[in-house]
Amino acid sequence: MATWNDGPPYGYGAPHSPNYGEPPQEERSSLVRMYSLTGGRTAPRTDLAMEALVSSATSAQLGMNHTREYRAISELCRQIRSVAEVSALLAMPLGVARVLIADMEAEGLVRIYQPQLDAGMPNRNLLERVLSGLRRL
């Protein structure tokens, strides 16, 4: 006799899946807390804007002597990306990404291109690009 956990028999609207009726798998959480990646630091060594562009400074993949996060950032930045984009694509808090990217710049692993700001006022071009990006969402 079927129980309520078994769900309806195949052919009666039940999804045909080997995992049907099983509890959903939980996301595997990282064993390393994010703050430990930065040594507990919450601010980067240098002022790093979230819209700053980052590119990988090496053409080769980073070796195993670098952390998994450094290798992931280096791979992502083979194409120029913003700090915020790196953070989002790696599902990493922005503060952690900023610290790691600044550390990588200090080691010569990435290049950072800071936005040019005139007297504290954002560049009109930058604002137009941000607005255009928001409209595309």
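A salt bridge here is a side-chain nitrogen of Lys or Arg within 4 Å of a carboxyl oxygen of Asp or Glu. By this rule the chain has four salt bridges. One of them joins the side chains of Arg68 and Glu69, 3.4 Å from N to O.

This is a predicted model, where local features need pLDDT of at least 70, side-chain atom pairs count only at pLDDT 80 or more, and totals for chains, interfaces and linings use all residues. Residues are numbered from 1 along each chain as its sequence is written, and side-chain values use heavy atoms, leaving out hydrogens and water.

**Salt bridges**

Three of these pairs are tabulated with their N to O distances.

| Pair | Closest N to O |
|---|---|
| Arg68 and Glu69 | 3.4 Å |
| Arg81 and Glu85 | 3.2 Å |
| Arg124 and Glu128 | 3.1 Å |

Burial is set by relative accessible area: under 20% is buried, over 50% is exposed, and partly exposed lies in between (1.4 Å probe, protein chains only). Arg68 is exposed at 55%. Its partner Glu69 is buried at 14%. In the next pair, Arg81 is buried at 15%, while Glu85 is partly exposed at 32%. Arg124 is exposed at 65%, and Glu128 is partly exposed at 41%. Arg124 and Glu128 both sit in helix H5 (residues 124-136), four residues apart, about one turn of the helix. Side chains of opposite charge can pair when their charged atoms come close.

**Overall layout**

The chain has five helices and three strands. Helices (H or I, at least four residues) and strands (E, at least two) are DSSP runs, numbered from the N terminus. In order from that end, the elements read α-β-α-β-α-α-β-α. Of the 137 residues, 25% are buried. A contact means heavy atoms within 4.5 Å. Among contacts with a separation of 6 or more, 64% link residues 24 or more positions apart. The exposed area is about 10,300 Å², with 55% of it from carbon and sulfur atoms. Accessible areas come from the Shrake-Rupley method with a 1.4 Å probe; for residues, only the protein chains shown count as cover.

**The core**

A nonpolar core is a set of buried Ala, Val, Leu, Ile, Met, Phe, Trp, Tyr and Cys residues joined through side-chain atoms within 4.5 Å. The largest one holds 20 residues, and Leu48, Ile73, Ile101 and Met104 touch the most other members. Helix H2 (68-76), helix H3 (83-89), helix H4 (94-106) and strand S3 (110-113) each give two or more residues to this core. H4 gives the most, with six. Leaving aside residues up to four places away in sequence, Leu48 touches Val83, Arg98, Ile101, Ala102, Ile112 and Gln114. In soluble globular proteins, nonpolar side chains tend to be buried together.

**Strand S3 and a surface patch**

S3 has two faces: Val110 and Ile112 are covered, whereas Arg111 and Tyr113 are uncovered. Strand S1 (residues 53-56) pairs with S3 in the antiparallel sense over four bridges. Strand pairing requires at least two DSSP bridges. Ile112 of S3 is the bridge partner of Val54.

Tyr113 also lies in S3 and is partly exposed at 40%. Together with Leu53 and Ile80, Tyr113 forms a nonpolar surface patch of about 280 Å² accessible area. Patches use residues with over 30% relative accessible area and no salt bridge; like charges are joined within 9 Å, and nonpolar side chains (Val, Leu, Ile, Met, Phe, Trp, Tyr) within 5 Å.
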